[in-house]
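The exercises below ask you to read a protein model step by step. Try each task with the sequence and the structure in view before you turn to its solution.

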Amino acid sequence: MFAGVDIGGTTTQVVLCDDDLTVLDRAGTTTPAASGGQAMMDAALGVLAPLLRRTPGRLIGAGVGAAGVVDTAAGRILVASDSFSGWSGFPVTAAVEDALGVPAFLDNDVNAFLRGEVSGGAVRGEPDVLGIALGTGVGGALWTGGRLFAGPHGAAGEIGHIPGFGDLPCTCGGRGHLETLASGRSIAARFSERTGRRLTAREVADAAAYGDEDALEVYRAAGAGLARAVVMTAGLVDITTVVIGGGVSRAWHLLEPVVRAELAEEPPVSGHPVRLVRAQLGADAVPVGAAARARLETTAIRTANCRVERLDENQPRQT
């Protein structure tokens, strides 16, 4: 079995998968984001423990998808948002390996989301994909040539924090980022600025469904921003498909028409249309993607060990 863990700013989700990445069991809990890295890890391992006890099988590896900028090689969180306390610098994989006794691997949560959707979701088996996760913030990830492209600093695909989308201040300290238009927090803020009413992004979507023009305009701006991000990425790396997930994507009926209309008006420079799809795995996407990473890495380790064993067997024995 492979364990997959998604440590988000609000909730933590864990799954156990078989070798085909079929989810055998799942559980979730509230993330104690204000209590520090160890408390967050203890919460994740606490909900994983009963799954391991009640599910027949042997755990081979574990993957973690975590919010923030991560060092995948060292297995540490490099930079975390202001939603977390004591998360930057935390040695995630070391903590998981000490607790479970199996190899562990760390990914940025949006990279894990995209890996999950490519492994068994809406874009299964596709070679070139931009993944966009619309949650509290906006995250992005790139899948090119059939593999994840993280870049030399682990920040490839982070379209949520590229400027050029107006001049509003972003939570990261920059200005004019896509996140200021299309994140759940920003949708609520933009609606409040227009109306003086404080609603969540989901409540703004409900208001739009009843024809509230201010709510509709906030979602139009979010959709237009997303389309521009897609065109920019397609112009740089020639992606063929975009998969959009996260909590804000529940308002797909509001976002999709705007994105498609904008892409039709200003298509990618290649002249080829980009396929736009909604994510399928929901809350399972990040933990399944994390489990897929664990499967990939442990398979490579086992293959390498088998080669070494065969080489040892072929060595002439001393008499």
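**Exercise 1.** In this predicted model, find which helices each supply at least two residues of the lining of the largest cavity, and then describe that lining.

*Solution.* Begin with the helices: helix H1 (37–54) and helix H2 (92–100) each supply at least two residues of the lining of the largest cavity. Next, weigh the contributions, and you will find that H1 gives the most, with 4 residues. Then list the residues that line this cavity, which are Val5, Met41, Ala44, Leu45, Leu48, Val64, Val96 and Leu100. Sorting the lining by class gives 8 nonpolar residues, with no polar and no charged ones. Finally, turn to volume: the largest cavity has about 40 Å³, and a search of the whole structure finds 1 cavity of 30 Å³ or more.

**Exercise 2.** Work out which residues lie closest to the centre of the second largest pocket, and which elements help to line this pocket.

*Solution.* Start from the space in the second largest pocket, which is about 260 Å³. The pocket is lined by 14 residues, and the closest to its centre are Arg115, Trp143, Arg147, Leu148 and Leu296. Now assign the lining to elements: helix H3 (109–120), strand E10 (147–149) and helix H9 (285–314) each supply at least two residues, while the largest share, 4 residues, comes from H9. By class, the lining of this pocket has 6 nonpolar, 3 polar and 5 charged residues.

**Exercise 3.** Determine how strands E11 and E12 run relative to each other, parallel or antiparallel, and what unit they make with helix H8.

*Solution.* First locate the strands, with E11 at residues 241–245 and E12 at residues 275–278, and note that they run parallel and are joined by 4 bridges. As one example of the pairing, Thr241 has Arg275 in E12 as its bridge partner. Then add helix H8 (residues 252–265), which together with E11 and E12 makes a right-handed β-α-β unit.

**Exercise 4.** Decide why the chain can be called as compact as a globular protein of its length.

*Solution.* Take stock of the chain, whose secondary structure comes to 9 helices and 12 strands. Its radius of gyration is 21 Å, close to the 20 Å that the globule rule gives for 319 residues, and therefore the chain is as compact as a globular protein of that length. To complete the description, add that the C-alpha trace spans about 85 × 45 × 35 Å along its principal axes, and that buried residues make up 48% of the 319 residues.

Notes:
Residues numbered from 1 in each chain as written. Predicted model: local features only at pLDDT ≥ 70, side-chain atom pairs only at ≥ 80, totals over all residues. Heavy atoms only, no water. Pairing = 2+ DSSP bridges. Right-handed = clockwise from strand over helix to strand, strands pointing away. 1 Å grid on protein atoms, 1.4 Å probe; cavity = no way out; pocket = protein on both sides within 12 Å on 5 of 7 lines; lining within 4 Å. Points joined across faces, edges and corners; volume = space filled by probe spheres on them. Nonpolar A, V, L, I, M, F, W, Y, C, P; charged D, E, K, R; others polar. Rg over C-alpha atoms; globule rule 2.2 N^0.38 Å. Buried < 20%, exposed > 50% of the residue type's maximum accessible area, 1.4 Å probe, protein only.
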